[in-house]
Amino acid sequence: MFRKQNNSQIGLVVGSLREVMMLSAKIRTHANVTPSMQHYLRSILEVQRENGHVRVTDVAQNLGVGKAAVSLALKGLRERRLIRHPHYQCIELTPTGAREAQQVMGHFAVLRHFLEAVLGVRGEQAEIDACLMEHFVSGATVDRLMCRGSGDRGRVDGIGACGG
């Protein structure tokens, strides 16, 4: 979940967000999904897990943005067939949207854990940093971080070898 920051943290985050926005224009994942869209997908998945249903208002509250911004973002997600959102009804992730959201959420969880457990970055700062990083790190790098974070030199969840 995204949380509002105090004024001393906002200055640091704003500078980082500008850099992320510049990079996000250049980076696209499969289905041409931008980092901004990934944030919305992750938010939809989070709200769905918490409430069992997702409304525009819920996503707006979760992300700390206006309902108009959410509606605009949903249009792009709907065009890419990542969500279903009939007029004035609940938002549903399509199978492709759910996979994308789960991948982003997984990257976020691994990065946050690594930042906290291995690097000693404290809670809220680890959340901010993981949120910024989750869109730009490869699956292979996340696998390596899982290995380092767990101290495991064997397999990563039975998917691949950690190596040395």
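In which helix is the place of Asp58? I looked this up before anything else and found Asp58 in helix α3, where helices (H or I, at least four residues) and strands (E, at least two) are DSSP runs numbered from the N terminus. I was working on a predicted model, in which local features need pLDDT of at least 70 and side-chain atom pairs count only at pLDDT 80 or more, while totals for chains, interfaces and linings use all residues. I kept to residue numbers that start from 1 along each chain as its sequence is written, and to side-chain values that use heavy atoms, with hydrogens and water left out.

**Entry on Asp58**

I noted that Asp58 is buried, with a relative accessible area of 8%; buried means under 20% relative accessible area, exposed over 50%, and partly exposed in between, with a 1.4 Å probe and protein chains only. Leaving aside residues up to four places away in sequence, I listed Val47, Asn51 and His53 as the residues that Asp58 touches, a contact being heavy atoms within 4.5 Å.

**Entry on the whole chain**

I counted 7 helices and 4 strands in the protein, and I wrote their order from the N terminus as α-α-α-α-β-β-α-α-α-β-β. Of the 164 residues, 38% count as buried. Among contacts with a separation of 6 or more, I found that 53% come from residues 24 or more positions apart.

**Entry on the cores**

I next took up the largest nonpolar core, a core being a set of buried Ala, Val, Leu, Ile, Met, Phe, Trp, Tyr and Cys residues joined through side-chain atoms within 4.5 Å. This core has 23 residues, of which Ile44 and Leu77 touch the most other members. At least two residues of this core come from each of α2 (35–51), α3 (56–63), α4 (67–79) and α5 (95–118), and α2 gives the most, with 6 residues. For Ile44, not counting residues up to four places away in sequence, I recorded contacts with Val54, Val59, Leu74, Leu77, Ile83, Ile91 and Leu93. I also found a second, separate core of 11 residues, which includes Leu111, Phe114, Val137 and Val142.

**Entry on helix packing**

I looked at three helix pairs, using axes that are lines fitted to C-alpha atoms, for helices over the stretch in contact, and angles that run from 0 to 180 degrees between N-to-C directions.

The axes of α2 and α4 come within 10 Å and cross at roughly 100°, which makes α2 roughly perpendicular to α4; angles under 35 degrees count as roughly parallel, over 145 as roughly antiparallel, 65 to 115 as roughly perpendicular and the rest as oblique. Here I saw Met37, Tyr40, Leu41 and Ile44 of α2 meet Ala69, Val70, Ala73, Leu74, Gly76 and Leu77 of α4. The residues of this contact divide into 9 nonpolar, 1 polar and no charged, where Ala, Val, Leu, Ile, Met, Phe, Trp, Tyr, Cys and Pro count as nonpolar, Asp, Glu, Lys and Arg as charged, and the others, Gly among them, as polar.

For α3 and α4 I noted an angle of about 110° with axes 9 Å apart, so α3 is roughly perpendicular to α4. In this pair, Val56, Thr57, Val59 and Ala60 of α3 meet Lys67, Val70, Ser71 and Leu74 of α4, giving a contact of 5 nonpolar, 2 polar and 1 charged residues.

For α5 and α6 (residues 123–133) I noted an angle of about 135° with axes 8 Å apart, and therefore α5 is oblique to α6. The α5 side consists of Phe108, Leu111, Arg112, Leu115 and Glu116, which meet Gly123, Ala126, Glu127, Asp129, Ala130, Cys131 and Met133 of α6; by class, I have 7 nonpolar, 1 polar and 4 charged residues in this contact.

**Entry on Gln102**

I placed Gln102 in helix α5, and at 42% relative accessibility Gln102 counts as partly exposed. Not counting residues up to four places away in sequence, Gln102 touches Leu45 and Arg49. The C-alpha atoms of Gln102 and Leu41 are separated by 8.7 Å, although these residues are 61 residues apart along the chain.

**Entry on positive phi**

Most residues other than glycine have a negative phi. I found that Arg81, not a glycine, has a positive phi of about 60°; Arg81 is in the loop between α4 and β1 (83–84) and counts as exposed at 65% relative accessibility. I also found a positive phi, near 60°, at Tyr88, which lies in the loop between β1 and β2 (92–93) and counts as exposed at 75% relative accessibility.
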